[in-house]
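Colleague: I am new to this structure and would love a close look at the part where two helices pack together. Could you start there and then walk me outwards?

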Amino acid sequence: MEKILTKKEFPSWIKNLKSFNVYGPVKKDALWEYERIQDPDKLDLNFKNTVLSPKKIIFPQREVILDFNHKKKGKPEIQEALPEETKNVIFGVRPCDARALTLTDKVFEEEPGDKYYLRRRHQTVTVGLTCSDPPSENCFCTSLGGSPHSTEGLDILMTELNHKYYVHSFTDKGRELMKAASDVFKNPSEKDKKDLKQVHKESEKKIKRQVKELSKITDKLKGMFDSPFWDEESMSCLKCGICTYLCPTCHCFDISDEVLSSSPLKGQRVRTWDTCQFPYFTMHSSGHNPRPDKSSRLRQRILHKFSYFVDNYDDYQCTGCGRCISKCPVDIDIIEVLEKVKDYE
Amino acid sequence: MVEMEQLQKEAKEILKQGKVKFVIGYSKGSQNLTATPVFIKKPEHTSRLIWDPTCVQNLVKFIVDDKQKQSREKKPDERPVGIVVKGCDSRAINVLIQEKFIDRDDVYILGLSCEELGVVDEKKIAQKLEGKKIEKIEFAKKNNLIVSTKDGEKKIPVKDVLADRCLECKAHFPVIYDQLFGEETEREVKEPYKSIKKTESQSPKKRWDFWKEQLEKCIRCYACRSICPMCYCDECVADSINMAVTAETTAEEKAQKIKWIERSPALSENIGYHLIRAIHLAGRCIDCGECERACPVDIPLRLLNKKLEKAAHELFDYDVGFDHKKPSLISSFKDEDPEDFIR
Ligand code: SF4
Ligand code: SF4
Ligand code: SF4
């Protein structure tokens, strides 16, 4: 379904989505984050990149897996804690972040399927927004098979055309969301369609950064596991969690029990984000750590994204959102690292 | 004035003579505004070294890194590491020596004086540009930044975008060094604790609301801890495995280990982490501002540390990192130390 929605009417659409939890980019001080909103005016579609991607809604940093309760007498009670059944919609999803969800789908859809992730994923409608102007100086989606108007992983794509949006839905979920307020949408004119094409074409040209010949890099990486390259490149790495926590495609987690009371024993089993960049991530219970230093951890990040993931799922595990570059406190730049791999003797 | 060529020359010399195993300094960043840390092993690469107000990082963390790496190696290279430091960073070296984490001989210090300037705050620059994207940024003569955006070039005086810590800096030049570049300029600092003035004047309720909102944002990426030169513990209470596990550690011991803080980024846990960290930095934080700069969600961590710095100064007449021969605040006492808070 392809329609036109004026910016003035946009809040009316949201107001009509009474049965949904509505999320979207909200500005707080100098940063934008995806937040649940009640008031459509809080939504700021004129946003630069959010710190965290919508991954934080579909794959929250803390997810309760089960509740446990063991009274003195009797058997321990264990209760699975699946996410609530709700209908969610996220507005203002960047095409790179939506593509990232399709990559994480591949992982969590593997048998037997991750119930927690999949439930949140299926009950969420993603409404994308074309990046007419790239939201970060480090965007490089076009190098990874994406584009500022890619529709992968989206139910709807909105594109800004002056004072209106061109709204295009591709899935049943998307069409349903538009039907919830059918009277606010108008049919697009021929000119609108032409303008849309123009904006999409222009948007690609505005992406400044790129990685060339990625497949060559993937091939090269295969022989670089033991290379001193990783020592050199990781010298300044801090072993913090920024690059991976902020990455829309990183999905590693830890599971731990949080005790709420010790007698009777009561608590929750939770999964929380974890990252290959933390020293304890790979520590065995014997104390041995197969990735003892930062060079092996940087290697892991690059190889997982540009080699192992390619072997397993035939795709790169990076969509070029640029967050890890912009937010790295010591300026480790994934594009540069890849370019150096290519030239490495 | 610091002559960049002089710095490069000296670095080249000590590498040539084999006095140091490598030199840690700054070089031009790739895309981001700030300089990037560089590790130079060969004399012929010293021309990569730069010095300008974008050299924000405190490189002393990498001394800590190297020391920890050495402890894992069978035959470590024990020659000193050459390191480029600003005034604030040099005080971190003093603290590490005071605490006996390193020896004076472990480092060969190339000290740079900030003279009348300091380093820039990226957030302030972003504010000046009112959300416009930076396409190119250059440090030009006469202490100006030339920033290009889609609306053309804009000249921003460095003075207008200096980091808060530089405006409150107690010594703009290294207090410990082997070679000094630039002058030990005097500069009057009227309000060394200006940034905490606002929160200090607020009611406890207001302060609580402020910190609650701030700490709720924390995603526990631990960048603040990772970047801090004073955070060098092998075990940290903030980690879920907060013990050094060896092959001899029994399952029992592992199971009995108390977990002080859960991994969940819940407010209670975040507060636990930040209070512990702040207290552990009392009398140790040298205010290089790196934790705050690294934080991806803009939590004003400096305020916590500044408050403790002020307490150390007012209660114990202790200023951090000025003399490595003096005992550290926590490991010493004087008869006249206040004790009315111990009850
Ligand atoms: S690896 Fe970096 S650029 Fe690629 S998707 Fe992740 S955060 Fe974005
Ligand atoms: S705090 Fe002082 S020494 Fe450190 S960068 Fe700023 S002016 Fe220089
Ligand atoms: S850097 Fe910021 S988000 Fe990360 S742990 Fe520290 S305070 Fe939290």
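Modeller: Happily; the helix pair comes first, and its surroundings follow.

A word on the basis: this is a predicted model in which local features need pLDDT of at least 70 and side-chain atom pairs count only at pLDDT 80 or more, while totals for chains, interfaces and linings use all residues. Residues are numbered from 1 along each chain as its sequence is written, chains are lettered from A and ligands numbered from 1 in the order in which they are written, and side-chain values use heavy atoms, leaving out hydrogens and water.

Two packed helices are described by the angle between their axes and the distance between the axes. In chain A, helix 3 (residues 95–108) packs against helix 4 (residues 115–122) at an angle of about 145°, and their axes are 10 Å apart. Axes here are lines fitted to C-alpha atoms, for helices over the stretch in contact, and angles run from 0 to 180 degrees between N-to-C directions. Helices (H or I, at least four residues) and strands (E, at least two) are DSSP runs, numbered from the N terminus. The crossing of helix 3 and helix 4 of chain A is left-handed, a term for a near helix turned anticlockwise from the far one by less than a right angle, with right-handed used if clockwise.

Which residues make the meeting? From helix 3 of chain A come A:Leu101, A:Thr102, A:Thr104, A:Asp105 and A:Phe108, and they meet A:Tyr117, A:Leu118 and A:Arg121 of helix 4; contact means heavy atoms within 4.5 Å. By class, the residues of this contact are four nonpolar, two polar and two charged (nonpolar: Ala, Val, Leu, Ile, Met, Phe, Trp, Tyr, Cys and Pro; charged: Asp, Glu, Lys and Arg; polar: the others, Gly among them).

The loop between helix 3 and helix 4 of chain A holds A:Pro112, and the peptide bond joining A:Glu111 to A:Pro112 is cis, with omega about 0°. Most residues other than glycine have a negative phi, and most peptide bonds are trans. Another cis bond runs from A:Ser263 to A:Pro264, with omega near 0°; A:Pro264 sits in the loop between strand 10 (253–262) and strand 11 (265–273) of chain A.

A positive phi, near 50°, belongs to A:Asn162, which lies in the loop between strand 8 (156–161) and strand 9 (164–169) of chain A. A:Asn162 counts as exposed because its relative accessibility is 65% (buried is under 20% relative accessible area, exposed over 50%, partly exposed in between, with a 1.4 Å probe and protein chains only). By contrast, A:Ser203 is buried, at 0%. A:Ser203 belongs to helix 6 (residues 190–205) of chain A and, not counting residues up to four places away in sequence, touches A:Cys131, A:Ser132, A:Pro148 and A:His149.

Finally, the largest nonpolar core has 158 residues, and among the members touching the most others are A:Phe10, A:Trp13, A:Leu177 and B:Ile83. Such a core is a set of buried Ala, Val, Leu, Ile, Met, Phe, Trp, Tyr and Cys residues joined through side-chain atoms within 4.5 Å. Helix 3 (residues 87–98) of chain B gives the most to this core, with six residues. Leaving aside neighbours within four places in sequence, A:Leu177 has contacts that include A:Trp13, A:Phe91 and A:Ile156.
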